[in-house]
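Reader: Hey, I'm new to this one. Can you walk me through what's in it?

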Amino acid sequence: MALLRGINVGGKNIVPMKDLAAIFGEAGATGVQTYIQSGNVVFSATDEIVNDVPGRVSKELSARFGLSVPVVMRTAQELRYVAVNNPFLQADTDQKALHVAFLASLPGPSAVEALNPDRSPPDEFSVHGREIYLRCPNGLARTRLTNAYFDSALGTTSTVRNWRTVHKLLELAGGDTRPAA
């Protein structure tokens, strides 16, 4: 699946989902489904095509819409791992406060260690591989744990999805969000 950053957010970077799905189809993806208007695309493709999708999609979005849009990729298996391993997911947790920042590349250990855990109280984050789990009790709009902060500090590109979207994307990809037995 592809997670595009900054599509149709705040009335900017407008890309109709029908056009986005067509771009993925032209890149060789099959079974293309979009979810909501913010650049979530579930699809099937061979390994060879999957490796080319981010570049081809970014190039086409630039050509058609004049947009520079990062494309972060995850498999259904990777997304399932994210869904069942959230360190903030407990029985009393308000799931509306949970988000995941998906990173385009694995950050270095020293960059992760340099992140400021007190940057935005009462918000919390936990870096696990190419994901940053976020708990933002006052909402994502009020946190200082932003894409810009993580991108700059970790030297990569991030795109954030709320917990409900993570689960919906996994459902669309045919995945199970229950912990493994």
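Author: Sure, we'll go through the sheets, the helices on them, some unusual backbone spots and the pockets. Keep in mind that this is a predicted model.

Reader: Okay, sheets. What's the strand order in the one with strand 1?

Author: The order is 2-3-1-4, in an open sheet of 4 strands with antiparallel pairing. Strand 2 and strand 4 (71–73) sit at the edges, so to speak, each pairing on one side only. The twist averages 20° from one strand to the next.

Reader: How many bridges hold strand 2 to strand 3?

Author: There are 4 bridges between strand 2 and strand 3, which run antiparallel. As an example of who faces whom, T30 is opposite S44 in strand 3.

Reader: And strand 1 with strand 4, how many there?

Author: That antiparallel pair, strand 1 and strand 4, is joined by 3 bridges. A2 has M73 in strand 4 as its bridge partner.

Reader: Which strands does helix 1 lie across?

Author: Helix 1 lies across strand 1, strand 2 and strand 3, and runs at about 150° to strand 2. Helix 6 (residues 163–172) also packs on the sheet, where it touches strand 1, strand 2 and strand 3. The direction of helix 6 makes about 160° with that of strand 2.

Reader: Now the sheet with strand 6. What's its order?

Author: That open sheet has 4 strands in the order 6-7-5-8, with antiparallel pairing. Its edge strands are strand 6 and strand 8 (158–162), each with pairing on one side only. Neighbouring strands here are turned by 20° against each other on average, ignoring direction.

Reader: How is strand 5 tied to strand 8?

Author: By 5 bridges, with strand 5 (residues 98–103) and strand 8 running antiparallel. Within that pairing, V100 stands opposite R161 in strand 8. Helix 5 (residues 147–154) packs on this sheet and touches strand 5, strand 6, strand 7 (131–135) and strand 8. The direction of helix 5 makes about 140° with that of strand 8.

Reader: Switching topic: what's odd about the backbone at N8?

Author: N8 has a positive phi of about 55°, although it is not a glycine. Most residues other than glycine have a negative phi. You'll find N8 in the loop between strand 1 (2–4) and helix 1 (17–26).

Reader: Is N8 buried or exposed?

Author: Buried, because its relative accessibility is 18% and the cut-off for buried is under 20%.

Reader: Which residue takes a positive phi in the hairpin of strand 2 and strand 3?

Author: That's I36, with a phi near 45° in a hairpin that has 4 residues between the strands. I36 is not a glycine either. Its loop runs between strand 2 (30–35) and strand 3 (40–44). I36 is partly exposed, at a relative accessible area of 43%.

Reader: What kind of peptide bond links P121 to P122?

Author: A cis one, with omega near 5°. Most peptide bonds are trans. P122 lies in the loop between helix 4 (109–113) and strand 6 (124–128).

Reader: And V53, where is that one?

Author: V53 is in helix 2 (residues 47–65). At 0% relative accessibility, V53 counts as buried. Setting aside neighbours within four places in sequence, V53 is in contact with F24, F43 and M73. You've met M73 already, as the bridge partner of A2.

Reader: Pockets next. How much space is in the largest pocket?

Author: About 400 Å³. It is lined by 21 residues, and the closest to its centre are V9, L140, N147, V160 and R161. Strand 8 makes up the largest share of that lining, with 4 residues. By class, the lining has 7 nonpolar, 11 polar and 3 charged residues.

Reader: What about the second largest pocket, how much space there?

Author: About 180 Å³. Its lining includes M1, F43, M73 and A173. Strand 3 and helix 3 (76–84) are the elements that give two or more residues to that lining, and strand 3 gives the most, with 3 residues. By class, the second largest pocket is lined by 8 nonpolar, 2 polar and 2 charged residues.

Conventions: Residues are numbered from 1 along each chain as its sequence is written. This is a predicted model: local features need pLDDT of at least 70, side-chain atom pairs count only at pLDDT 80 or more; totals for chains, interfaces and linings use all residues. Side-chain values use heavy atoms; hydrogens and water are left out. Buried means under 20% relative accessible area, exposed over 50%, partly exposed in between (1.4 Å probe, protein chains only). Contact means heavy atoms within 4.5 Å. Two strands pair if DSSP finds at least two bridges between them. Axes are lines fitted to C-alpha atoms, for helices over the stretch in contact, and angles run from 0 to 180 degrees between N-to-C directions. On a 1 Å grid over the protein atoms alone, a cavity is a set of points where a 1.4 Å probe fits but cannot get out, and a pocket is an open set with protein on both sides within 12 Å along at least five of seven lines; lining residues have an atom within 4 Å of a point. Grid points are joined across faces, edges and corners, and a volume is the space filled by probe spheres set on the points. Ala, Val, Leu, Ile, Met, Phe, Trp, Tyr, Cys and Pro count as nonpolar, Asp, Glu, Lys and Arg as charged, and the others, Gly among them, as polar.
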